[in-house]
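Me: I've got a structure open and I keep wanting to ask where the labels come from. Can you take me through the reasoning, label by label?

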Amino acid sequence: MGGIHQAPARRMTGPRPMNHAFRPTADPAWLLSEVGYDPLRESSFETRFAISNGFLGLRGALATDLRACRTLPPRTYVAGLFDTALVGAPIPERLPAPDWLQLRIGLPDGPYLACPDPSSRDVTLDMRRGVLLTQVRQPPGAVLDIRLSTLRLVSLDMRGIVLQLIELAVERGMGEITLDVTSGEASPLLIPVTADPDLGVWRTRQSGKALAIAIDAAVVIDGRTQLPTVRIAGRWSWSLRVQAGQTVVLQRILAVARGDEPVDDPGGRARSDLAVATGLGWRGLLERHETAWRERWDRSDVVVDGDPEAQRALRFAVFHLNGAADPGDERVSIGARALTGDDYLGHVFWDTEIFLLPFYAMTWPQAARDLLTYRFRTLNAARAKAAKMGWRGALYAWESADTGDEATPAQVVGPDRKIVDILCGTQEQHVSADVAYAVWQYWRATEDTAFLLEAGAEIILETARFWWSRAGLEADCLHHIRGVIGPDEYHETIDDNAFTNVMARWNLRRGLDIAALMGKRWPDRWARLSTRLGLSADELEGWRTTAAAMATGLDPETGLFEQFEGYSDLEPIDLSAYAGRSVPMDVVLGRERTQASQVVKQDDVVALLALLPDEFPGNAGTVNFDHYAPRCGHGSSLSRALHGVAAARLGRSEVALGYLRDTSAIDLGDSHVAIAGGVHIAALGGIWLVAIFGFAGLVVRSDGLSFEPRLPAGWTRLSFPVQWRGRDLVVTVDPVRNVLDATLRGGDAMVVSVGPSRRTLGVGASISIRLISLPSLVAA
């Protein structure tokens, strides 16, 4: 099925259409650009300019072979392609696919751009179109003066398809050139099965998965397709004679397929997908890909007027969020670095449910549904983990790969080069409540009855059962949860962590709500489910009493939560004395002193304030925020975003904006190799949370959507789309006109509230609600 004989479908008829493809979006607000080449920053650059579609991810490496100038190997990631190393700890890792996107260009006087000149490169991430564009020049003095332009995309329309266009414009000289398209080395955990010129198939050594890559390539000069001189497995080559004024175009289309079962035929699927893609040609692929991105942006773009820096941060965040999910694959979830880097081996954490699910639930419900279905598919592994540790119900893995079994390593090397035991896999148990929280938020946003009855209810019930078995009743007549780690991972084996216990109580109460809801609306389904789970009325009553008597560390007189039992007795440390530090506080203080101090990695109580604001009545939110914010060292990329949500809700919009900017700087700041391991996808989700749940004050209710906008000074408009229970809504907060505008683009009539003002919005209609009634509109 080689593609070199299918020229009519993809013949390139002239430079003008190709030039148009290489032309970025005119509006610079959609572009992320960088000029120059710095080997010290290249690994971070490749992360920042990565592109993905939820199934495939490509780091932003140059297409040309850099050899010794490359600090990290190029990476192509395939979601769900996990295997376990043959030696060492049995930790599953996401395997990189063989790199099929590199190009070696041979010139009469040596290789083209073996090591780029510092000023030789101009790269643009066109977020509007979802493409990566590059222009490169080799240093002056070469026999042939060639300008290299490239376009790269992973299709948002056909998720297994990669398109690469490379244009070599000969501007001076005449001579022979060679083009070598080669595949990189496969992981040692991938065993070759098929090695044809147009198809490679591999199987993992232990997990039984398969990977197939079908390839089609064509070289065109002046509209004429050139036959390759070499066409073997892993290498296609062309020898060409060129002269000034000519343009050589190399087009490559890859079709990638993953097989999860021994009977799967990913090779056949890859060849079939490739046939469809080559039939469309590069123009058809590009057009359909751009259309898919336009539709995504129509459902998710956040527009900020008056603050270009915040606009850039939000565009970058939403771009990567849209590229991280694959709503067609419920076997996978989104890892901590999405499909942009190697850090955390592709493992899934609580990050997905707490920081990402809100974005998908409110802008892309199908993606949210499939991410939660992944948790349902791994529910049996969560049950097995709970049972192994002596409890009932479901305890989800702290780090999860494809099966849902616990994937947290037992030990790592710490900053001081000492071996550190990792207790998160057994002690960071709040993840079960986090998954339940995401299921409940999805239900409130979508009222997806089918998902609730088929999967969501069972997740909430089994996680509630875990907390009922986990929280022990003691002599003080309170239920305690001992020996855990909260989101603040500086403190281990602690008792009655406020975040864990309050989330557990919340989980138990939602379990009771689910039981009541199903019993009332779907009694037959409830009878079958409760019988299958062995859920008795006595056990449900036990959940109720456990929730009512949960130890939370709340001081009813002050409204202050103690982060965990004994926290107040630890050493207070003034973090302002360490302002400007470049490393986390546990590195500054050392691990032992940090554990004995009140310094927190990320603030558990502030996280609670962001997730469960109703747990902080009156001025309790202010009391807790003011107490804990100065004690937080923000040693996690997740920390500042939830601080931003909480600060915005308290009316401290400028403080919240500072948190948003700091969060954005993690991936967009110039910090050399700080992001070599991939974008911090949860932090990017957190940027959206600060804008929508913080500044816009979105609250999802059972009867509609409510807003309490608190925009930062300088923001003259905030506009965004959201979805709620089949409705498609566009909201604009306009502080200049002092109104919130809402337009219902689709779905039945709904209620929109701003503070005490409630209005019914009909389909196709728009309303404006004044903001003057909000006393907290002005930032404190």
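Reply: Sure. This is a predicted model, and the secondary structure of the protein comes to 21 helices and 34 strands.

Me: What makes the protein as compact as a globular protein of its length?

Reply: Set the value against the rule. The radius of gyration is 27 Å, and the globule rule gives 28 Å for 780 residues; the two are close, so the protein is as compact as a globular protein of that length. As for the box filled by the C-alpha atoms, that is roughly 85 × 60 × 60 Å along the principal axes.

Me: What share of the 780 residues is buried, and how far apart in sequence are the contact partners?

Reply: Buried residues make up 61% of the 780. Take the contacts between residues at least 6 apart in sequence: 68% of them join residues at least 24 apart. The accessible surface is about 28500 Å², with 52% of that belonging to carbon and sulfur atoms.

Me: How are the charges laid out, going by the centres of the two sets?

Reply: There are 81 positive and 94 negative side chains, and the centres of these two sets lie 5 Å apart.

Me: How do you know that cysteine 424 is in no disulfide?

Reply: A disulfide needs two cysteine sulfur atoms within 2.5 Å. For cysteine 424 the nearest cysteine sulfur belongs to cysteine 632, and that one is 16 Å away, so cysteine 424 is in no disulfide. The count for the protein by this rule is 0.

Me: Buried or exposed: which label goes to cysteine 424, and which to cysteine 477?

Reply: The cut-offs are under 20% for buried and over 50% for exposed. Cysteine 424 has 11% relative accessibility, so it counts as buried. Cysteine 477 has 56%, so it counts as exposed.

Me: And why is glutamate 447 called partly exposed?

Reply: Its relative accessibility is 35%, which falls between the two cut-offs, so partly exposed is the label. Glutamate 447 lies in the loop between α10 (431-446) and α11 (449-470).

Me: What makes the phi of glutamate 447 worth flagging?

Reply: Most residues other than glycine have a negative phi. Glutamate 447 has a positive phi of about 50° although it is not a glycine. Arginine 725 also has a positive phi of about 50°, and it is not a glycine either.

Me: Where is arginine 725 found, and why is it called buried?

Reply: Look in the loop between β29 (717-724) and β30 (727-734). Arginine 725 has a relative accessible area of 17%, and buried means under 20%, so the label holds.

Me: How do you know that tryptophan 688 is buried?

Reply: Its relative accessibility is 1%, against a limit of 20%, so tryptophan 688 counts as buried. You'll find it in helix α21 (residues 681-695). Leaving out residues up to four places away in sequence, tryptophan 688 touches a set of residues including Val302, Leu314, Leu321, Phe359 and Met362.

Me: Next stop is leucine 689, also in helix α21. Why is leucine 689 called buried?

Reply: Its relative accessible area is 7%, which is under 20%, so buried is right. With neighbours within four places set aside, leucine 689 is in contact with Ile354, Phe355, Pro358, Val645 and Gly694. Pro358 also turns up among the residues that tryptophan 688 touches.

Me: What makes proline 556 exposed?

Reply: The cut-off is over 50%, and proline 556 has a relative accessible area of 73%, so it is exposed. Its place is in the loop between β25 (554-555) and β26 (560-561). Proline 556 and serine 333 are 223 residues apart in sequence, with their C-alpha atoms 40 Å apart in space.

Me: Last one: why is aspartate 180 called buried, and which residues is it in contact with?

Reply: Aspartate 180 is at 15% relative accessibility, under the 20% limit, so it counts as buried. It lies in strand β12 (residues 174-182). Beyond its neighbours within four places, its contacts are Gln102, Leu103, Arg104, Arg235, Trp236 and Ser237. Leucine 103 is 77 residues away along the chain, yet the two C-alpha atoms are separated by 5.7 Å.

Conventions
Residues numbered from 1 in each chain as written. Predicted model: local features only at pLDDT ≥ 70, side-chain atom pairs only at ≥ 80, totals over all residues. Heavy atoms only, no water. Helix = DSSP H or I, 4+ residues; strand = E, 2+ residues; numbered from the N terminus. Rg over C-alpha atoms; globule rule 2.2 N^0.38 Å. Buried < 20%, exposed > 50% of the residue type's maximum accessible area, 1.4 Å probe, protein only. Contact = heavy atoms within 4.5 Å. Areas by Shrake-Rupley, 256 points an atom, 1.4 Å probe, with all protein chains shown as cover. Lys, Arg positive; Asp, Glu negative; His and termini not counted. Charge placed at Lys NZ, Arg CZ, Asp CG, Glu CD.
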